[in-house]
Amino acid sequence: MSETFWHHHTARMVAARLVDIEWNSTELGEVLARFEHVADVETLITRLLERRIHAPDSTEVAAELLEVIGYPGDPFVLPAPPVRPTPTVRFGVPAFATTAELAASLDVTVSELDWFADVGGWLRRAAPPLRHYRAREVAKSRGGTRILEIPKPRLREMQRRVLHRVLDHVVPHPAAHGFRAGRSAVTFARPHEGRDVVVRVDLADFFPTVTRPRARAVFEACGYPYRVASVLAGICTTAMPVDEVAGLPRSQAALLGVPHLPQGAPTSPALANLVARGLDRRVAGLARARGLVYTRYADDLALSGPSDTDVSTLLWALDRIVRDEGFVVNGDKTHVARAHRRQTLAGLVVNESAAAPRDRYDALRALLHNSVRTGAAAQNRAGVPDFRASVYGQIAWIGESSPSRRSRLLAMADRVDWES
C-alpha cells in the first residue's frame with residue numbers, strides 16, 4: 001500500500017540529484033541517502049538501474065524517468081518505507097538501524113547529520129565559513145611537508161563519539177602497533193631486535209589513500225546497513241575544496257580532491273588501521289611462510305629475519321600485496337639493513353635492544369648539562385616556543401625504551417632553571 005509523501009516540487013528535487021552522476025548503486029545510494037526516512041530508496045535505485053545504463057542529462061529527463069518507473073510526479077507517490085529490523089551488529093558496537101537513530105546518538109538532527117557527512121558533496125564549493133575543515137601545511141620530521149585537515153569543533157566532537165562508541169570496539173590486526181593503547185614505537189621495534197636482516201617499507205600517503213568507500217566498508221563490516229555506514233563514512237572523510245586543491249601538485253590534488261581520511265581527524269588513525277587489516281593479514285602470512293617477523297607502525301612496515309632472506313623477492317611480493325590492498329609503496333623510503341650496519345625502526349636502533357640512538361641521548365645530556373650551567377634560555381638557540389616542553393618530550397621519547405636513561409635525564413632536568 002502506498003502513501004503520498006511529496007508533491008511535484010519535491011519530486012523535481014529528487015530528479016535534480018540524478019543528473020550527471022556516476023550511474024551505479026554506490027553513487028545513487030550516496031545522493032539519495034537523504035530521502036531514506038520517507039522513501040524505499042533501495043527499490044528506487046533498483047528500478048532506476050533496470051531502466052537505464054547511464055545518468056540522465058537533465059532534470060526533465062530524470063523526472064520523466066521517475067514517472068516511467070512508477071514514481072509519479074504530481075502528486076509524488078512513494079511506497080512507505082519498509083520496517084527495518086534492528087541490524088545484527090558485531091564487535092560490540094551500538095546498533096543503528098537508521099540514520100535517524102545515528103543522528104540521535106550523535107545529538108544532531110537528521111538534516112544536520114547529512115550536512116556534516118556531506119552526502120551531496122556540497123562542501124567542495126562552499127564558502128570557507130561553511131566548510132568543516134581547516135587545512136594547514138606542516139613540515140615532516142624526515143623532510144618535506146604534509147597537509148593537515150583539521151575538523152572544526154562540532155564535527156571533531158562527533159568524530160570523537162564515533163571513535164569511542166564504534167571504532168574503539170573493533171580490534172586491529174595484532175601486527176598493528178600505531179595508534180593503539182598499550183602499544184608504541186617501542187613495541188613495534190622490539191620484535192626485530194638482534195635480527196640479521198631488517199627491512200623497512202614506507203607506505204606513501206597513508207591516510208589520503210583511504211577513500212570513503214573503503215571507510216564505509218569498515219562500518220558495513222560492523223553490521224551497519226548501507227545507508228548508516230555511508231553516513232558514518234561521510235562524517236569521517238572529506239574532499240578538499242576545489243579552490244584549495246587548485247594550488248597543489250597534481251598527484252597530491254588527485255588524492256585530496258576525492259573523499260578520503262583527513263590527517264587531523266580523531267577517527268582517521270583507527271579507521272586506517274582497520275582498513276589496513278587485510279594488508280596486515282597478508283603480509284603477516286608472507287612473513288610466516290618465509291620465517292620472518294612482521295609489525296606495522298602507521299605507514300611503516302617492518303620485516304626481519306635470518307641472513308639468507310631473499311630480500312629482492314620479498315620486496316617484490318610486498319609491493320604486489322600493498323598495491324593489491326589499495327596502498328602504494330614509497331620506494332624512496334625502502335631500507336634494508338644487515339647486522340653490520342645500524343638498523344633503525346621508528347627512530348630506534350634495534351641491532352641489540354630497541355633504544356634511542358646513543359648520539360641522540362648524548363646530545364640531550366649535553367644540552368641539559370649546559371642548561372644547568374647557563375640557564376635554559378641560553379641553550380634554546382633554535383628559538384623553540386616552549387623549550388621546556390620540547391626537552392621533556394625528548395626525555396619521554398628516549399626514556400620509553402630505557403627507564404635508566406629516563407631517570408638520569410629527569411634528574412638533570414630537575415636542576416635546570418627553566419625561567420632564565
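1. Helices (H or I, at least four residues) and strands (E, at least two) are DSSP runs numbered from the N terminus. We're looking at a predicted model, with local features needing pLDDT of at least 70 and side-chain atom pairs pLDDT 80 or more, while totals for chains, interfaces and linings use all residues. Residue numbers start from 1 along each chain as its sequence is written, and side-chain values use heavy atoms, with hydrogens and water left out.

2. I'd start with the largest pocket (an open set of 1 Å grid points over the protein atoms alone, with protein on both sides within 12 Å along at least five of seven lines). About 970 Å³ of space lies in the largest pocket, volume being the space filled by probe spheres set on points joined across faces, edges and corners. Its lining (residues with an atom within 4 Å of a point) runs to 31 residues, and the ones closest to the centre are Lys140, Arg146, Asp202, Gln263 and Asp299.

3. Where does the largest share of that lining come from? It comes from strand 4, which puts in four residues. In the numbering, strand 4 covers 145–151. Strand 5 (197–203), helix 12 (250–256) and strand 8 (329–338) also each supply at least two residues of the lining of the largest pocket. So when you look into this pocket on screen, these are the elements to colour, strand 4 included.

4. On chemistry, the lining of the largest pocket splits into 14 nonpolar, eight polar and nine charged residues. For this count, nonpolar is Ala, Val, Leu, Ile, Met, Phe, Trp, Tyr, Cys and Pro, charged is Asp, Glu, Lys and Arg, and polar is the others, Gly among them.

5. Next comes the second largest pocket, with about 550 Å³ of space. Twenty-two residues line the second largest pocket, and those closest to its centre are Glu27, Glu30, Gly121, Arg212 and Pro259. Helix 2 (25–32) and helix 9 each supply at least two residues of this lining. Helix 2 gives the most, with four residues. By class, the lining of the second largest pocket has nine nonpolar, five polar and eight charged residues.

6. How many cavities of 30 Å³ or more does a search of the whole structure find? Four of them turn up, a cavity being a set of points where a 1.4 Å probe fits but cannot get out. The largest cavity has a volume of about 190 Å³. It's lined by 19 residues, and His132, Tyr133, Thr238, Ala239 and Pro241 lie nearest its centre.

7. Staying with the largest cavity, strand 3 (residues 133–139) provides the largest share of the lining, three residues. The class count for this cavity is eight nonpolar, four polar and seven charged residues.

8. Now for helix packing, beginning with helix 9, already mentioned as a contributor to the second largest pocket. Contact here means heavy atoms within 4.5 Å. On the helix 9 side, Arg212, Ala215, Arg216, Phe219 and Glu220 meet Tyr226, Ala229, Ser230, Leu232, Ala233, Gly234 and Cys236 in helix 10. The residues of this contact divide into seven nonpolar, two polar and three charged. Arg212 is worth a second look: it belongs to the helix 9 contact with helix 10, and it is also one of the residues closest to the centre of the second largest pocket.

9. Further along, helix 16 packs against helix 19. Arg358, Tyr361, Leu364, Arg365, Leu368, His369 and Val372 in helix 16 meet Arg405, Arg408, Leu409, Met412 and Ala413 in helix 19. By class, that gives seven nonpolar residues, one polar and four charged. The arginines sit on both sides here, with Arg358 and Arg365 in helix 16, and Arg405 and Arg408 in helix 19.

10. Last on my list is helix 3 with helix 4. Leu44, Leu48 and Arg51 in helix 3 meet Leu65, Leu66 and Val68 in helix 4. This contact has five nonpolar residues, no polar ones and one charged.
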